[in-house]
Structure formats: C-alpha cells, structure tokens
Amino acid sequence: MNRKVYEEFAAGVDCGYSYRFAKKMEENASNPKLGYRTACSDAELATAELIAEEMRKIGLTNVTKDRISVDGWEFTRADMRFTDGRGEEHLFTLGAYQTNFDTEGEREFSVVYVGKGRAKDYEGKDVTDKLVLADIDQRNEWWISYPVYQAYLKGAAAFIAIQSGGYGEISDIALNAQDIGGPDYAPAFSISRRDAELLKWEIAQNGEARVVFDAKSEVWRNGTTYNVWGEIEGEDKASAVLLSAHFDSYFSGFQDDNSAIAMMLSIARTLKKTGYRPKHTLRFCAFAAEEWGVVNSKYDWSSGAYAQLFRARPEWRGTTRAALNFELPACRYGEYDAIHCVYEYNRFFRESVKGFPLEGDVFPEGVRVFSPVETWSDDFTLAVSGIPSSVNDFSDSEFMTTTYHSQFDNDENYDEDVYRFHHVLYGCLAVALDARTLPPLDFSARFKALKESLRKGDADDLRELFAKAEEVGTVIYEKIQNLGEKECQKANGFSSELLEIFRLCEDAFVRLNWDDEVKFPHEIFKENIRRLQRASELFVEGKASRALSELYAIDNNRYAFGFEKAVFTYFTQYVLEQPPARLQWGAGRVICHESLFDLIDGALAAHRRGETDFSEEARECLAVSARLEERLQSVLEEEKLAAEKILMRLRTLSKKLDA
C-alpha cells in the first residue's frame with residue numbers, strides 16, 4: 001500500500017465543503033414546516049439535479065441520472081387545531097407516514113384514545129370515521145403497520161401515533177416517522193408526546209376531543225425518480241469500486257443522509273484534487289428512495305438501490321468489486337468506530353485500517369469490523385445483488401433511539417472530528433480496494449461462521465464441508481494478497497469468478513427472520529425448534545406465561561398477542577404470497593413461518609381463566625416442532641449441495657491462481 005497516497009488524501013480533505021453541501025440539500029423540501037424529501041417528490045427530483053450538477057462541477061465523468069420507477073410519496077402538511085376545555089386554542093404540527101389522506105382543507109374530527117392500539121383497546125369504543133390516538137414503541141413492541149391496520153379495520157379515519165419509546169426520545173416535542181410497511185389506504189400520522197398529552201387530558205374528561213385537521217399526504221404507484229452517479233475512470237474501465245449514499249430524507253435529514261451524500265462527493269473531490277489515478281473505475285452513486293419506495297411491503301425501503309441494481313444497471317453486478325455505503329457519518333456514537341461489512345471483506349478491512357493516517361484521539365478504542373451487513377440500509381441490497389458491501393456503523397447508537405427520523409436530525413449534533421475521520425477512513429479504503437488487482441475476498445470468514453453455527457454431532461458432514469471451504473478460502477485470500485506484478489497481469493481475469501462465488505454464497509446462505517435479522521437458513525429453523533420444545537416443557541410444568549413468552553419470539557407470532565386474526569393474517573400473507581417485485585430484496589429470504597395464532601389465543605384465554613392444564617398446548621408445540629425438524633433436514637441438504645458447488649469453484653480457482 002502506498003502510504004504517501006493516503007497521506008496526500010488525508011491532507012486534502014475539506015470538511016467545510018462537505019458541511020456546506022449537506023446544508024444546501026436542505027433547501028429542497030416537500031413540507032415547508034418539517035422538510036421531508038420523499039420518493040418521487042418534487043423535492044427529491046430537484047435534489048437529484050443538484051447532485052448531478054455538483055458531480056460535474058468537481059470533475060466526475062459520465063455523470064448520469066438513471067430514471068427508475070418506484071412508488072411515490074409527497075407529504076405536504078398535517079396541521080391540527082384544538083381548543084381545550086378552558087377555551088385555549090392550540091396548534092399542532094404532525095408528521096406523516098407513507099399513506100393516502102387528504103382533508104381537502106380544514107375538516108372537523110373527533111379524536112379517541114385507544115391505548116396501544118391493540119384489539120382489546122377498542123372494546124366499548126366507537127371509532128368510525130374518527131381519529132384514533134395510540135402509544136407505540138416500534139423498537140421494543142411492534143411495528144406501526146399493525147396498530148394502523150387494526151384501526152383501519154375498526155373504521156377509523158386515520159391513526160395518530162405517539163412515540164412512547166424506542167424512537168424520538170430526545171424531546172417531548174419530537175415527531176417521528178419510519179417506513180410504514182403497510183397499505184397506503186390505512187392512513188397514519190405522528191404527534192409529539194407534549195401535544196398528545198393535551199388531547200389525552202381532554203379525552204379523559206369528555207371521552208373524545210374535537211379537533212380541526214388540515215392534512216395532505218399522497219401516495220401513488222409507479223412513480224419516477226432518479227439515481228445519480230458519476231465516475232473517476234480507471235485504467236480498467238470494466239471493473240469498479242462503488243461509493244454510495246441516499247438523498248431522500250425525513251425532516252431535514254442532516255445526518256440521514258445529507259452528510260453522507262456530501263462526504264461521498266467530498267471524497268471524489270479530494271481524489272480529483274490530489275490527482276489520484278485509479279486502476280479501477282471509482283463510481284459515486286446517490287440513491288433515491290432509500291427510506292421508502294414501494295407500497296404495502298414489509299421490505300419497502302432501499303427501493304432506489306434495488307431498482308438501480310436489478311433494473312437500471314444490472315451490469316454493475318459482477319463487475320463491481322466492492323461497495324462502500326455511507327449512513328449518518330457526522331455524528332459521534334461511542335469510544336470506537338465500526339465498519340459493518342460482508343464476511344468476505346472483514347479481514348481485508350481489519351488489516352487495511354492499520355496503515356491509514358487516522359487521528360487516534362477521535363476514537364481512542366480504534367476501528368472494529370463486524371459481519372455480516374444488516375438490513376437497515378442500502379448495503380444489504382448491494383450485497384444480495386452480488387456486490388460485496390459495507391457501511392459505517394450507525395444502527396446500534398443512542399442516536400437511533402433519541403434523534404433518528406425526527407426534526408432533531410440537524411446540524412446541532414454535527415461532530416467535525418468524526419466527520420473528518422470518516423472522510424479519511426473511507427477515502428483510504430477506496431484507494432486500498434482500488435490498489436488490488438483482484439478483489440481481496442476472504443471466503444473463509446463466512447464458512448467459519450457457518451461451521452461454528454452448527455454444534456459437533458449436529459450435521460457433522462456439513463460442518464466438515466464448511467471447514468474444507470474455510471481452509472480453501474484462506475488459501476485463496478493469501479494467494480491474492482501475495483500476487484506479484486507479473487502474476488497480477490495474468491490473474492486479472494479472475495475478478496468476475498471471485499464475484500460470482502460471492503454471489504453464490506449470498507444466494508445460498510443469506511436468509512431473514514421475521515425481525516429482518518440476517519441469519520443462515522438452518523439457524524432460523526433451529527431457533528424456532530428450540531423455542532417450541534422449551535414452550536412444550538413449560539406448558540407441561542403449568543408455566544403458561546413463560547411458555548407464551550417463548551412462542552412470542554417465534555416468527556411473527558408476537559402479533560398474535562395483541563391484534564385480531566385478520567391483522568395477523570394480512571401481514572403474514574403479504575410476505576409469503578406477494579410478487580417478488582413488491583418484496584424487492586426480501587423476496588424469498590423468509591423461509592420459515594409457523595402460524596401459532598390459534599394456539600396462542602387459546603392458551604392466553606385459558607391462562608386468564610386460571611386454568612393449569614396445558615397438556616394439549618404442549619403436544620401441539622411438539623407437533624409443530626416435528627414438522628420443522630423435517631423441513632430443517634431439507635434445508636441442511638440444500639446447504640450441503642450449495643457448499644459442495646461453491647467448494648468445487650473455490651478449488652478450481654485456487655488451482656488457476658497457481659497456474
């Protein structure tokens with residue numbers, strides 16, 4: 001690695017430029033009070049052109065606006081007027097979710113409080129054509145789509161969410177918004193805790209509150225927006241390193257994701273200013289529609305990246321050796337910095353950062369690397385498309401519970417030292433990836449994790465197969481790292497083969513549970529089997545409450561505890577039965593679902609009646625477990641066939657590298 005190149009890049013970083021551009025992005029907004037730059041909105045389209053102009057200005061070539069089709073959303077306003085029992089008038093500004101609701105000017109409504117919005121919270125209440133007010137905690141209880149759809153089935157005009165925890169905890173005046181993950185015809189809005197308390201007090205006195213609501217939120221299918229990209233062309237124009245971020249946002253979106261777009265452009269600008277000449281093309285892409293972009297899907301985010309890689313530019317798959325994706329990079333999260341990446345880049349990143357000119361006092365505990373990537377951001381879409389990806393750490397921070405997706409995501413939490421650190425870290429990583437003739441992929445990391453996910457005596461033949469693949473993966477990585485100049489010229493054609501093997505690994509071994517966590521296929525079944533067997537034991541012991549806690553954690557059965565069967569069934573079927581195009585990057589990745597609704601419903605009723613005999617429930621848990629055991633064997637066989645195929649490819653490649 002060329003230390004001089006790294007130092008020249010670090011010296012050339014200008015965070016002032018990045019900060020100014022991040023602030024400039026705030027000028028385009030759908031809602032004059034709150035911001036919002038949403039999928040296919042006029043604000044998003046204007047920002048796409050702003051980014052394209054800036055790419056040309058800093059000297060990128062082939063600047064292109066790729067037209068993509070995603071579902072669109074424009075949130076114009078949500079203003080509420082309320083006169084309390086003392087005659088005092090209050091004006092509330094509400095946030096919104098990706099649903100349709102237009103009052104066509106001011107309109108009077110009654111507001112009813114329904115607790116947490118569960119089925120039992122509606123008992124004895126008429127909410128027909130009324131606004132329902134409910135407390136939600138999306139991180140610790142359930143996603144907003146469930147109580148919203150429950151309200152729709154009860155005939156409510158719209159659902160208004162109060163963030164009782166999980167998000168927006170920074171202030172009692174905080175609004176919050178997430179992707180809705182539900183149908184556009186069940187409308188929803190967000191209100192602050194402070195404003196909600198005024199309505200709750202009135203409702204407690206009179207049963208309802210009367211308000212005047214003026215709201216406009218519009219969703220439409222098959223809208224048009226643009227992903228914007230430009231390049232620093234390399235000697236090898238057929239191979240690329242991708243740097244990316246998204247430019248849609250909730251509220252003003254300074255951290256999420258204005259600062260990331262600005263950092264990406266600043267890295268490109270610095271490389272141009274320092275005269276860096278890449279071996280491989282460096283491509284810089286601003287994705288639209290990351291926060292949301294498809295109606296009525298559990299996997300409704302990262303839509304712009306999905307459209308880019310699977311529709312607009314599928315040729316990027318198989319030719320892009322690495323992707324560095326950026327999210328919220330200008331905020332401090334702790335004493336150490338972290339990179340989340342695919343297994344295959346974990347070792348290379350850990351080894352590379354040791355040689356970068358990073359300022360040690362910014363993160364005294366250094367840089368850590370974690371695998372695999374999560375589903376939170378565009379890097380997951382990149383990975384499953386076949387592009388080895390990474391993202392700067394952001395999802396486990398306090399920022400997520402306090403400030404994320406609220407009006408407090410502004411430059412008050414800007415940390416220039418952290419921002420500069422990330423400029424240098426990822427600029428140097430881009431250079432390090434570019435310097436290698438072959439993508440420095442280490443397949444041993446994934447197969448080691450696969451091997452360790454199986455206990456000894458449990459599918460030993462598969463464990464042995466994973467161990468062999470781990471061994472060959474290590475050998476290949478070391479050969480790639482030790483290629484001399486002469487060997488590099490001969491080995492140049494092997495990049496596509498390495499990337500194809502990576503894609504095979506993603507296809508075979510990346511699955512999702514119902515909490516959107518990335519798991520190996522067999523892990524999902526084994527976890528469910530363990531919980532079912534434990535629940536059976538607890539039912540036999542008469543410990544129904546603890547048994548139900550085990551069932552709560554299986555697939556999406558937590559929603560059987562609070563909502564009508566129609567709600568539970570709707571959000572099960574829309575994952576298992578929707579066309580792949582609506583499920584995007586989640587299509588086919590949920591492979592296990594056992595509906596325990598009737599079992600849970602019956603056990604809950606019996607427990608409330610004080611019954612102690614749960615032998616029938618215990619037998620049913622074991623019956624379900626037995627079915628899953630059979631399916632697990634099929635899954636293990638599929639993993640074995642995939643591992644054999646990949647091992648053969650790895651061995652063939654290893655021999656070619658020796659030739």
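This is a short walk through some helix contacts, burial and backbone features of one structure. Keep in mind that the model is predicted.

Let's start with helix H2. It covers residues 15–24. Two other helices meet H2, and I'll take them in turn.

The first partner I'll show is H6, residues 254–273. The axes of H2 and H6 come within 8 Å. They cross at roughly 135°. How do the two helices lie to each other, given that angle? They are oblique, because 135° falls short of the 145 that roughly antiparallel has to exceed. H2 passes H6 in a right-handed crossing.

Now the residues. On the H2 side, look for Tyr 17, Ser 18, Tyr 19, Phe 21, Ala 22 and Lys 23. On the H6 side, the list includes Phe 254, Asn 258, Ile 261, Met 263, Leu 265 and Arg 269. Ser 259, Ala 262 and Ser 266 of H6 also take part. By class, this H2 and H6 contact has nine nonpolar, four polar and two charged residues.

Next, H2 against H3. H3 runs over residues 42–57. Here the axes come within 11 Å, and the crossing angle is roughly 155°. That is over 145, so H2 and H3 count as roughly antiparallel. This crossing is right-handed.

Which residues of H2 meet H3? They are Tyr 17, Phe 21 and Lys 24. Across from them in H3 sit Leu 50, Ile 51 and Glu 54. The classes here are four nonpolar, no polar and two charged residues. Note Tyr 17 and Phe 21. They are in the H6 list, and they are in the H3 list. Here is a general point that helps. An α-helix has 3.6 residues a turn, so residues three or four places apart point the same way.

Let's stay with H6 for a moment, and turn to the backbone. A cis peptide bond joins Asp 256 and Asp 257. Omega there is about 15°. Asp 257 is found in H6. Why point this out? Most residues other than glycine have a negative phi, and most peptide bonds are trans.

There is another cis bond to show. This one joins Ser 371 and Pro 372, with omega about 0°. Where is Pro 372? It is in the loop between strand S14, residues 367–370, and helix H9.

That takes us to H9 and its partner H7. H7 spans residues 303–312, and H9 spans 378–385. They pack at an angle of about 20°, with their axes 9 Å apart. An angle under 35 degrees counts as roughly parallel, so that is what H7 and H9 are. The crossing is right-handed.

Ala 305, Tyr 306, Leu 309 and Phe 310 come from H7. They meet Asp 378, Thr 381, Leu 382, Val 384 and Ser 385 of H9. By class, that contact has six nonpolar, two polar and one charged residues.

Is H7 enclosed or open? Seven of its ten residues are buried, so H7 is largely enclosed by the rest of the structure. The buried ones are Ser 303, Gly 304, Ala 305, Tyr 306, Ala 307, Gln 308 and Leu 309. What covers them? The cover includes strand S1 (61–83), strand S9 (209–232), S11 and H9.

Just before H7 there is a loop, which follows strand S11, residues 280–287. Ala 289 is found in that loop. Its phi is positive, about 50°, although it is not a glycine. Is Ala 289 buried or exposed? Buried, because its relative accessibility is 0%.

Compare Glu 104. It also has a positive phi, about 55°, and it is not a glycine either. Glu 104 lies in the loop between strand S4 (101–102) and strand S5 (107–113). Its relative accessibility is 72%, so Glu 104 counts as exposed.

Two last stops. Helix H15 covers residues 495–509, which is 15 residues. H15 reaches 21 Å from its first C-alpha to its last, close to the 21 Å expected. It is mostly covered, with eleven of the 15 residues buried. Among them are Leu 498, Ile 501, Phe 502, Cys 505 and Phe 509. Glu 497 and Glu 506 are buried too.

Finally, Lys 645, in helix H21, residues 615–658. Lys 645 is partly exposed, at 46% relative accessible area. From Lys 645 to Val 228 is 417 residues in sequence and 37 Å in space, C-alpha to C-alpha.

Notes
Residues numbered from 1 in each chain as written. Predicted model: local features only at pLDDT ≥ 70, side-chain atom pairs only at ≥ 80, totals over all residues. Heavy atoms only, no water. Helix = DSSP H or I, 4+ residues; strand = E, 2+ residues; numbered from the N terminus. Expected span 1.5 Å × (residues − 1). Buried < 20%, exposed > 50% of the residue type's maximum accessible area, 1.4 Å probe, protein only. Axes fitted to C-alpha atoms, helices over the stretch in contact; angles between N-to-C directions. Parallel < 35°, antiparallel > 145°, perpendicular 65-115°, else oblique. Left-handed = near helix turned anticlockwise from the far one by under 90°. Contact = heavy atoms within 4.5 Å. Nonpolar A, V, L, I, M, F, W, Y, C, P; charged D, E, K, R; others polar.
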